[in-house]
Each structure stands twice: as structure tokens, then as C-alpha cells.
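Trainee: I have a structure open and would like to walk through it with you. Could we take its features one at a time?

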Amino acid sequence: MNKDRNYRTVGRVFMHLFLLVAVFISIFPFIWMLIGATNTSIDVTSGKMWFGSNLDENWANLRDTASVLRIAWNTISTTLIYTVLSVLICAMAGYGFEKFPSKGKSVVYAAFLLSMMIPFSAQMIPLFRMASAVNMLNTHIAIILPTIAMPFLVFFFRQNFQSYPTELIEAARVDGANEFVIFFRHVLVPMKSTFAAAAIYAFMKQWNNYLWPLIVIQTNEKKTFTLLLSSLASAYYVDYGQLMLAIVIATLPIIIVFLTMQKQFVEGITGSSK
């Protein structure tokens with residue numbers, strides 16, 4: 001008995017040590033970013049691993065290099081609009097594929113999922129020509145529209161709607177509720193964790209979107225954070241203290257959103273896998 005207890009104790013110690021090492025490896029890049037944001041470029045490249053006193057100067061240099069507030073507004077506005085529209089459209093599509101009878105919906109759904117196999121690099125030229133034809137280049141609408149209906153989110157919502165009782169929908173129809181009332185009152189509310197998980201996914205996808213905005217955005221006034229970071233990292237002289245500060249600013253909203261909705265995200269993902 002004592003040997004078994006000792007083995008379990010040693011096993012728990014090693015497990016906790018392993019978890020501590022894993023946590024440190026996971027958060028070390030962010031800690032390094034925070035430290036780098038307070039140091040000079042030379043300190044960052046020399047590997048200084050303690051906080052400095054250069055934060056104010058890095059912020060002043062970043063404001064002189066780019067309009068940070070405008071870029072933040074561009075990124076936040078496009079991301080929020082994209083998230084709301086994408087979640088609603090994909091949720092309605094998944095709801096329709098699962099709950100509405102149709103002879104050809106399986107074929108349409110299969111073709112829709114097959115579109116996930118087409119790389120975005122093969123879609124760039126046609127999308128660019130379409131955006132140019134309707135005069136949408138250098139606008140935030142051009143960033144939002146092309147990928148607003150994500151096949152993955154449609155699949156995600158359909159999988160979750162399989163667990164929603166169809167009898168409740170039919171009962172609401174018998175009571176005289178129209179389809180929009182059923183969807184927004186009877187379906188959306190009890191499945192809020194699913195919508196939260198989808199919102200986090202869409203938010204992170206759009207916030208980190210780089211390649212398509214790089215193609216369609218042509219002026220500094222319309223830039224987003226990803227384009228700002230790219231321009232700072234590819235400059236002739238890279239100020240790493242300024243770059244680290246910009247990365248921290250661009251990363252904080254994602255961390256806040258995820259930590260705020262972490263419970264709903266886990267519940268939504270778990271519900272999808274059941």
C-alpha cells in the first residue's frame with residue numbers, strides 16, 4: 001500500500017512538473033513580447049530578458065510611424081461586422097441544412113463542404129477581379145464579403161443543430177410562430193454556447209486575416225493591424241521594441257475575447273463533438 005501511494009505521489013509530482021513546463025512554454029512568447037515592448041531594439045536583439053524603461057519612446061515611435069488609433073478602429077469595426085454577419089449567415093445555413101427537408105440538400109451540402117478543399121491562393125485572382133469590377137477595392141467591404149460564409153462554421157452549426165429537438169420547432173410552428181421567431185427565440189437562446197464558440201472562431205479568423213487585406217487594401221488609411229505588423233517587420237530598419245509593442249496591442253483583444261468567453265467556447269466545441 002505504501003509503495004502504491006508513493007508511486008502515485010511521484011506520478012502526480014512529475015505530472016505537475018510537466019504541466020508547469022508546458023504552461024511556461026505556452027506563455028513565454030507573450031511574456032517575451034511584453035518585455036520587448038519596454039526595451040530598445042538593441043536590447044531585444046541582444047536577448048535582454050527583463051523589463052526596461054523604453055515603453056514611452058516605443059509608443060511615441062509607433063504613433064509617428066502609423067496612425068494606431070485609426071488602424072485599431074479599422075480592425076475592430078471590420079472584425080465585429082464580419083463576426084456578427086458570419087455567425088448569423090452560417091447559423092441560418094446550418095439550421096436550414098439540418099431542419100428543413102429538401103431533396104437536393106445533401107448534394108448541395110457536400111459541394112459546399114468540398115469548397116473547403118480549394119486553397120485560397122486559387123481564389124485570389126477571381127475574387128480580386130470581382131472586387132475590381134464592382135469598385136470595392138481599397139474598402140473594408142471587400143475584406144468582409146468574400147469569406148463571410150465559412151463552410152467550417154456551417155458544418156459546425158449543422159452538427160450542433162442535430163442535437164436540438166425537432167419536436168420543439170414543430171410545436172412552435174403549430175403555435176403560429178414564423179421561422180425567424182423560432183430561430184432567434186427558440187433556437188438561438190438555448191444554444192448560446194454554440195454561437196459563442198462560433199463567434200470566437202470568426203473573430204480570431206478575421207482579426208488575423210492578412211493575405212486578402214494585403215491584396216485589396218491599397219492606402220494606409222484603410223490598413224488593419226496585420227498589415228501594420230507586416231510593414232513594421234519588413235522595413236529597411238526594423239525597430240524591434242516598436243514592433244513588439246505593436247504585437248502586444250494587436251494580441252490583447254484576442255486574449256480578452258477568448259478569456260471572457262472561454263467557458264462558452266469549450267461548451268460549444270464539446271457540444272459539437274457529441
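Mentor: Happy to. Let's begin with a term we need for the pockets: a pocket is an open set of grid points with protein on both sides within 12 Å along at least five of seven lines, and its lining residues have an atom within 4 Å of a point. Keep in mind that this is a predicted model.

Trainee: Which helix gives the most to the lining of the second largest pocket?

Mentor: The residues that line this pocket include Met-204, Trp-207, Thr-226, Ile-247, Ile-254 and Phe-258. Two or more lining residues come from each of α11, α13 (225-233) and α14 (240-260). With seven residues, the top contributor is α14.

Trainee: What volume does the second largest pocket have, and how many nonpolar residues are in its lining?

Mentor: The volume comes to about 250 Å³. Sorted by class, the lining has no charged residues and three polar ones, while the nonpolar residues number nine.

Trainee: Now the largest pocket: which residues lie nearest its centre?

Mentor: This pocket has a volume of about 510 Å³. Helices α6 (120-133), α8, α11 and α12 (211-216) each bring at least two residues to the lining, and α6 gives the most, with three. Of the 20 lining residues, those nearest the centre are Phe-120, Gln-123, Thr-147, Pro-151 and Lys-205.

Trainee: How many charged residues does the lining of the largest pocket have?

Mentor: Counting by class, 15 of the lining residues are nonpolar and four are polar. That leaves the charged class, with a count of one.

Trainee: Is helix α8 mostly covered or mostly open?

Mentor: Helix α8 spans residues 151-161, and eight of its eleven residues are buried. Among them are Pro-151, Leu-153, Phe-156, Phe-157 and Arg-158. The helix is therefore, taking buried as under 20% relative accessible area, mostly covered.

Trainee: Which residue meets Glu-98 in a salt bridge, and is that partner buried or exposed?

Mentor: The search of the whole structure finds two salt bridges. In one of them, the side chains of Glu-98 and Arg-158 meet at 3.3 Å, N to O. This pair links distant parts of the chain, with Glu-98 in helix α4 and Arg-158 in helix α8, 60 residues apart. Glu-98 is partly exposed at 21%, whereas the partner, at 14% relative accessible area, is buried: Arg-158.

Trainee: And how far apart are the closest N and O atoms of Glu-179 and Arg-173?

Mentor: Glu-179 has 27% relative accessibility, so it counts as partly exposed. Arg-173 is partly exposed too, with a relative accessible area of 32%. These side chains form a salt bridge, and the closest N and O atoms are apart by 2.9 Å.

Trainee: How much space lies in the largest cavity?

Mentor: Across the whole structure, one cavity of 30 Å³ or more is found. Its lining includes Thr-75, Ile-143, Gln-206, Trp-207 and Thr-224, and α4 (68-99) and α11 (192-207) each supply at least two lining residues. By class, there are three nonpolar, six polar and no charged residues in that lining. The space in the cavity is about 30 Å³.

Trainee: What accessible area does the nonpolar surface patch have in total?

Mentor: The patch is formed by Val-21, Phe-24, Ile-25, Phe-28, Trp-32 and Met-49. Phe-28 belongs to helix α1 (residues 2-37). At 31% relative accessibility, Phe-28 counts as partly exposed, and patch members need over 30%. Together, the six named residues have an accessible area of about 560 Å².

Trainee: Both Asn-135 and Asn-138 are in the loop between α6 and α7. Which of them is buried?

Mentor: Asn-135 has a positive phi of about 55° although it is not a glycine, and at 68% relative accessibility it counts as exposed. Asn-138 also has a positive phi, near 60°. Its relative accessibility is 17%, so the buried residue is Asn-138.

Methods:
Residues numbered from 1 in each chain as written. Predicted model: local features only at pLDDT ≥ 70, side-chain atom pairs only at ≥ 80, totals over all residues. Heavy atoms only, no water. Buried < 20%, exposed > 50% of the residue type's maximum accessible area, 1.4 Å probe, protein only. Helix = DSSP H or I, 4+ residues; strand = E, 2+ residues; numbered from the N terminus. 1 Å grid on protein atoms, 1.4 Å probe; cavity = no way out; pocket = protein on both sides within 12 Å on 5 of 7 lines; lining within 4 Å. Points joined across faces, edges and corners; volume = space filled by probe spheres on them. Nonpolar A, V, L, I, M, F, W, Y, C, P; charged D, E, K, R; others polar. Patch = residues over 30% accessible without salt bridge, like charges linked within 9 Å, V, L, I, M, F, W, Y side chains within 5 Å. Areas by Shrake-Rupley, 256 points an atom, 1.4 Å probe, with all protein chains shown as cover. Salt bridge = Lys/Arg side-chain N within 4 Å of Asp/Glu carboxyl O.
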